[in-house]
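Hi,

Here is the structure I promised to pass on. Have a look at it first, and then read my notes below.

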Amino acid sequence: MRDTLRLWKSAITPVILIILGVSAANADITVTFKDGAPKDRFTIVLNAACAIGPSVLQINLATAPVGLLFDITENGDGIGVSQPFEWVSPPNNLAATPQVVDGDTILELNLNGLLPEAPWVFTIDLDDKASKQPITVSGSEIAGAQASLLTSGRSTTGIFDSSGAATISTVCS
């Protein structure tokens, strides 16, 4: 009788967990862009009550339809004012400061892990090659650019919308 009860219990427990919806916790990372003079600002926020393991967060401007690029040197591909990458509010667990070359369309942040904490903020100059005001990049111009997270061998991507925000949906580690 005990063996039958034990067998029944071990068989029914996974079914109950599935019915109750017990699974890995979800986490959203919001990346927002705000045009500024002379520096544009990116803010990264982990919206979860859990951690995410070692990760690479990538911002890819090449998918925006207006020809965006990072303008970090005076005599580079950008127009007018240039500003290098600068942390305003860095994460405590940053693996390395990103190396951005003038004219790049991709920026990668190597993180030792993501913890729910205060927003991470950095500034850099973005220019576009397609508008009448190439020094100014609005939220609608960054629309279509991508923010991606590579963690635990999985990549998830959020697309910037016309307000300058991208949400990456992933799971906790």
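Among contacts between residues at least 6 apart in sequence, what percentage join residues at least 24 apart? For this chain the figure is 64%. Keep in mind that you are looking at a predicted model, so every value here is computed from it.

On the overall layout: the chain holds two helices and 11 strands. Reading from the N terminus, the order is α-β-β-β-β-β-β-β-β-α-β-β-β. Of the 173 residues, 40% are buried. The accessible surface adds up to about 9,300 Å², and carbon and sulfur atoms account for 57% of that.

Now for a strand residue with some distant partners. Gln 58 sits in strand E3, which covers residues 55-60. Ala 147 is 89 residues away from Gln 58 in sequence, yet their C-alpha atoms are 5.6 Å apart in space. Ala 147 also turns up in the contact list of Gln 58 once neighbours within four places in sequence are set aside, along with Gln 146 and Ser 148. The rest of that list is Ile 106, Leu 107 and Glu 108. With Glu 108 there is a side-chain to side-chain polar contact as well, at 2.8 Å.

Next, the aromatic rings. How many aromatic pairs are there? The count is six. One of them is Phe 85 with Trp 87, an edge-to-face pair with 5.3 Å between the centres and 85° between the planes. Phe 85 and Trp 87 are both buried. These two also belong to a cluster linked by ring pairs, whose other members are Phe 33, Phe 42, Phe 122 and Phe 160.

Last, a loop residue that you may want to pull up on screen. Asp 102 is found in the loop between strand E5 (86-89) and strand E6 (106-111). Is Asp 102 buried or exposed? Its relative accessible area is 14%, and the cut-off for buried is under 20%, so Asp 102 counts as buried. What does its side chain reach? One partner is the backbone nitrogen of Ile 72, at 2.6 Å. The backbone nitrogen of Thr 73 is another, and here the distance is 3.0 Å.

If you open just a few views, I'd go for Gln 58 with Glu 108, the ring cluster that includes Phe 85 and Trp 87, and Asp 102 with Ile 72 and Thr 73.

Cheers

Notes:
Residues are numbered from 1 along each chain as its sequence is written. This is a predicted model: local features need pLDDT of at least 70, side-chain atom pairs count only at pLDDT 80 or more; totals for chains, interfaces and linings use all residues. Side-chain values use heavy atoms; hydrogens and water are left out. Helices (H or I, at least four residues) and strands (E, at least two) are DSSP runs, numbered from the N terminus. Contact means heavy atoms within 4.5 Å. A polar contact is a pair of N or O atoms within 3.5 Å; within protein, one must be able to donate a hydrogen and the other to accept it, and residues adjacent in sequence count only if both atoms are side-chain atoms. Rings of Phe, Tyr and Trp (its six-membered ring) pair if their centres lie within 6.5 Å; planes under 30 degrees apart count as stacked, over 60 as edge-to-face and the rest as tilted. Buried means under 20% relative accessible area, exposed over 50%, partly exposed in between (1.4 Å probe, protein chains only). Accessible areas come from the Shrake-Rupley method with a 1.4 Å probe; for residues, only the protein chains shown count as cover.
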